[in-house]
Each structure stands twice: as C-alpha cells, then as structure tokens.
Amino acid sequence: MVIDSLMAERGVTKIKLIFGFIVVLFTSITCIHAANSTLSANQTIRYNETIVSPQETFQLGFFSPDNSTNHYVGIWYKKRSYRTVVWVANRNAPLTHTSVELTLTLQGILNIRDATTGNVPWSSVNSTRTSVRNPIGQLLDTGNFIIYDEGDQENPIWQSFDFPTDTLLSGMKFGRNLVTGFERRLTSWKSEEDPDSGEFSYRLDTRGYPQVIITDGPNITFRGGPWNGLRYSGYPNFGANPVYTFTFVINQREIYYQYQLIDTSALTRLVVQPDGRVKRFLWTDSKQEWNLYQAVEIDQCDQCALCGPFGRCNINGAPVCECLKGFEPTAPDQWRNADWSQGCRRTIPLDCGPAEGFNKYSNLKLPDTKASWYNQTMTLVDCEKMCKSNCSCTAYTNSNISGTGSGCLLWFGGLIDVRTFSENGDTLYIRMPASELGKSKQYFHFYLHRKHLHISIIYVLAQTR
C-alpha cells in the first residue's frame with residue numbers, strides 16, 4: 001500500500017511536470033511575437049498576439065476601437081495609460097470576427113487573412129522590386145513598420161510611413177513625389193470609434209507654389225499658406241520650439257514637409273481629427289495624458305476665402321472683412337449684409353502702362369498660390385521686373401524670407417484668402433495704377449481691457465507721392 005501510494009505520487013508529480021512544460025511551451029509560442037520587433041516570411045500574428053518595437057515605444061497587432069464590433073490591424077503607443085492608435089492597415093476593410101491572422105509572404109507582401117475562408121481583405125502594396133530573397137518585417141521605434149530584404153534595411157520594399165492614416169509622426173514625409181505622383185496625406189477617421197476614411201484631409205497642394213490645405217471632400221476649408229522658408233505663411237507663431245525641428249524640401253523629384261524630435265524620448269503627434277481640426281499633441285508623463293501643444297485653425301479669419309478676391313480678413317476689425325487699399329466691394333449691398341464672397345474690385349482699373357508699380361503690404365498671410373509661378377533663385381529686384389513685364393501679374397514677393405530673402409513668387413488674377421497678422425506676417429507687393437502708388441494705411445491698435453471696456457485707438461497716416 002505504501003509502495004503503491006509512493007508510485008501514485010510520483011506519477012502525479014510526473015504528470016504535473018509534463019503539464020507545466022506544455023504550459024510553458026505554449027506560452028512561449030503564443031507570446032513569441034510580443035517579445036520581438038520582427039516578422040519573418042510565413043510567420044503569423046494572430047488576434048491576441050503583437051510585435052513590439054525594440055525600445056517598446058510602439059506595438060503592432062489587432063485591435064477593436066471603443067464601442068465597435070469591428071477589428072483592425074494597427075500600430076499604437078505601448079505603455080500608455082490608454083491605447084492611442086497612430087496607423088491602421090485595413091481602415092476601409094474592417095474585420096467582423098477574430099479568426100484572422102497577419103502574415104508576411106515570401107514575396108514581401110503583408111496580408112490580413114481570414115482564417116476561416118482564406119480570403120485576404122487587405123494586402124500591402126508592393127514596390128516595383130521583383131526579386132526578394134528573404135523578406136523581414138520590423139516595427140521601428142519611430143512607429144514605422146518596414147518590410148525589407150535581409151541585409152538591406154535602408155531600402156524598404158514597403159513601409160507604413162508611406163501610407164499614413166490620420167497621424168503624422170516624427171520622420172514621416174508629408175507631401176508628393178513629383179516623379180511618380182505618389183502623395184502622402186492625412187485623412188481623418190470617420191468618427192472617434194470608426195477609423196474608416198473620413199471627409200477631411202490635410203495635405204500639400206502642389207499646384208503652383210506648394211501650400212498646406214485642409215479639404216472637406218472636394219472643398220478647401222482651410223489654407224495654411226505657402227512655405228516661406230521659415231514656416232507656413234498662415235502659421236505666424238509656428239517657429240522654433242523645444243520639442244521638434246522641421247524641414248521643407250522642394251526639388252525636381254519631390255516636395256515634402258518633415259519634422260524630427262529633438263528629444264527622441266518625447267512623444268508628439270500631429271492629427272487631423274474627425275471634425276477636420278488639425279492639432280498637435282504632446283504626451284505628459286506626470287499627467288499620463290495627451291495635452292494640446294498647437295492647433296492650426298484658431299479664429300474666423302482662418303475660414304478659407306472668407307473675404308473673396310482682393311479682400312483681407314482682420315480679426316480685430318468690425319466687420320472682419322475689408323478691401324485692400326485701392327479696391328472697393330464688388331457687390332456693395334451684399335458686402336453690407338456680411339456676404340463678402342464676391343470680394344473686391346479695383347477702384348481704378350489697370351491699363352498695363354509703364355507708370356504702374358507696386359504697393360508694399362506687410363504682416364499678411366500670402367494669397368492662394370494654386371495658380372502662382374515661382375523660381376527659387378531669382379532676386380527680389382528681378383522678381384519685380386518679371387511681374388511688371390507681364391500684364392497679368394498682380395503681385396509678387398520672395399518665396400523664401402530666411403536670411404536676406406531669396407526666390408520669386410508671382411500671382412496672376414485675384415488675390416484670394418489674404419489676412420492680416422499683428423506680427424510675423426509676410427510682405428506682399430501688389431500691382432497698382434500710378435495714381436495709387438505710395439498710398440499706405442497704418443493702423444496702431446492699443447487695447448485696454450477693464451471689464452467690458454475695449455478702447456481702440458487708430459492712427460491713420462496717409463502719404464501721397
């Protein structure tokens with residue numbers, strides 16, 4: 001009886017050891033992806049599995065948004081108090097059940113596969129590269145998932161940064177390849193719970209001199225203006241900061257904006273939200289939350305083309321729209337009723353005579369540049385000569401205001417979506433008839449706020465040459 005009892009105990013112990021080994025083995029198999037940042041060919045990520053970037057900044061796997069029964073493959077910040085998704089693979093092809101898997105093929109293509117039917121509802125877009133020896137997928141600490149041929153990580157076959165959803169991360173290019181026509185833009189989620197492509201896009205308009213815009217379907221709702229060498233013309237307060245640096249590249253091959261973190265441990269993201277607002281957020285560890293760092297649209301004058309051609313918006317004015325000096329309302333009755341859409345017309349028409357010249361306007365957001373012309377090497381003097389020699393040219397300025405200024409930017413036809421700033425605005429030279437040359441208006445505003453009291457002192461100086 002004692003021997004039987006001992007043998008039984010040993011048998012139970014052996015069974016426990018075997019069972020424990022199986023559990024450990026199973027755990028190591030199911031969690032293999034969670035410990036790695038890479039995905040090999042024919043390796044599979046299932047619903048509850050993920051891969052993590054080397055410094056555990058980002059995580060890639062399947063997720064389901066709040067209050068949603070749909071499932072997606074995405075990338076989100078790891079070790080945050082709540083999930084913040086920065087990229088979605090199948091945003092327009094949601095999954096309705098969890099019997100799915102993510103695989104990398106021998107051809108270097110990332111597939112989301114329905115394990116029950118074998119269907120592939122989403123697949124990565126491969127490059128023109130036809131020969132791939134040993135493809136590897138890797139999630140980087142930038143939040144970029146790249147697919148590359150082993151030994152050639154610097155030349156990815158495919159990368160998620162080329163297909164942004166609603167978020168611009170450090171190192172992403174935002175713009176257009178002029179050779180292939182390929183564009184990287186941000187498109188909002190349909191709602192907070194639905195990553196499907198929404199109505200709003202944030203993009204670079206490269207018709208004419210490049211400018212940043214927000215579109216609602218086919219309509220431009222906001223225009224941040226052209227890049228002036230330091231910032232977008234419509235962002236007078238977006239300059240050097242302690243969080244990130246930025247560059248803007250214009251050459252024969254591509255046009256793009258890109259920012260880089262100064263401190264790589266900092267977390268910041270630029271997002272176009274479901275309501276069309278574009279905001280930059282900065283993560284605060286002490287509060288364990290995202291705080292608003294910068295916002296693009298700030299007031300009524302940021303509504304695109306509010307004051308029509310040759311009108312300008314002054315947020316301190318009443319009303320906010322006024323005609324540029326030398327212009328008058330095109331439709332006076334509509335203008336008085338706050339319908340400024342028809343804009344303004346010249347008080348004295350141009351005749352393209354030799355006496356015509358240009359009046360200088362300061363602290364402006366530069367007009368819409370979609371029909372403009374530019375040259376990055378011309379001087380301002382040569383720019384003026386070129387504009388004056390073309391009777392259709394209505395205005396000019398430097399395309400780059402950094403340093404002493406350089407380049408030439410010309411406008412033809414109506415000047416649309418101009419606004420004034422109190423400081424840090426751009427300079428614009430507008431073509432005028434001889435009788436209007438030398439006239440300028442300067443406003444000095446002083447504000448005294450005591451309860452509901454607002455005192456505005458306006459000093460008007462008129463000088464006629």
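How much of the accessible surface of the chain belongs to carbon and sulfur atoms? The points below take this up first and then turn to single residues.

1. Surface. The model is predicted. Its chain has an accessible surface of about 23800 Å². Carbon and sulfur atoms hold 52% of that area.

2. Overall make-up. The chain has 465 residues, and 45% of them are buried. Its secondary structure consists of 36 strands and 3 helices. Among contacts with a separation of 6 or more, 50% join residues that are 24 or more positions apart.

3. A buried arginine. R280 belongs to strand β23, which covers residues 278–284. This residue is buried, yet R280 has no salt bridge. The nearest side chain of opposite charge is D166, at 13 Å. A salt bridge requires a side-chain nitrogen of Lys or Arg within 4 Å of a carboxyl oxygen of Asp or Glu.

4. What surrounds R280. Leaving out residues up to four places away in sequence, R280 touches three tyrosines numbered below it, Y244, Y257 and Y259, along with T268, R269 and L270. On the other side of R280 in the numbering, its contacts are N291, L292, Y293 and Q294.

5. A negative patch. Which residues form the negative surface patch? They are D66, E192, E193 and D275. One of them, E193, sits in the loop between β16 (186–191) and β17 (194–205). With a relative accessible area of 32%, E193 is partly exposed. Patch members need over 30% relative accessible area, so E193 passes that cut-off.

6. A cis peptide bond. The bond from A318 to P319 is cis, and its omega is near 5 degrees. P319 is placed in the loop that runs between β25 (311–313) and β26 (321–323).

7. Positive phi at E56. E56 is not a glycine, but its phi is positive, near 60 degrees. The residue is found in the loop between β3 (50–52) and β4 (58–63). Is E56 partly exposed or buried? Its relative accessibility is 34%, so E56 counts as partly exposed.

8. Positive phi at K79. K79 also is a residue other than glycine with a positive phi, near 60 degrees. Its loop lies between β5 (72–77) and β6 (85–88). K79 counts as exposed because its relative accessibility is 54%, and the cut-off for exposed is over 50%.

Technical notes:
Residues numbered from 1 in each chain as written. Predicted model: local features only at pLDDT ≥ 70, side-chain atom pairs only at ≥ 80, totals over all residues. Heavy atoms only, no water. Helix = DSSP H or I, 4+ residues; strand = E, 2+ residues; numbered from the N terminus. Buried < 20%, exposed > 50% of the residue type's maximum accessible area, 1.4 Å probe, protein only. Lys, Arg positive; Asp, Glu negative; His and termini not counted. Contact = heavy atoms within 4.5 Å. Patch = residues over 30% accessible without salt bridge, like charges linked within 9 Å, V, L, I, M, F, W, Y side chains within 5 Å. Areas by Shrake-Rupley, 256 points an atom, 1.4 Å probe, with all protein chains shown as cover. Charge placed at Lys NZ, Arg CZ, Asp CG, Glu CD.
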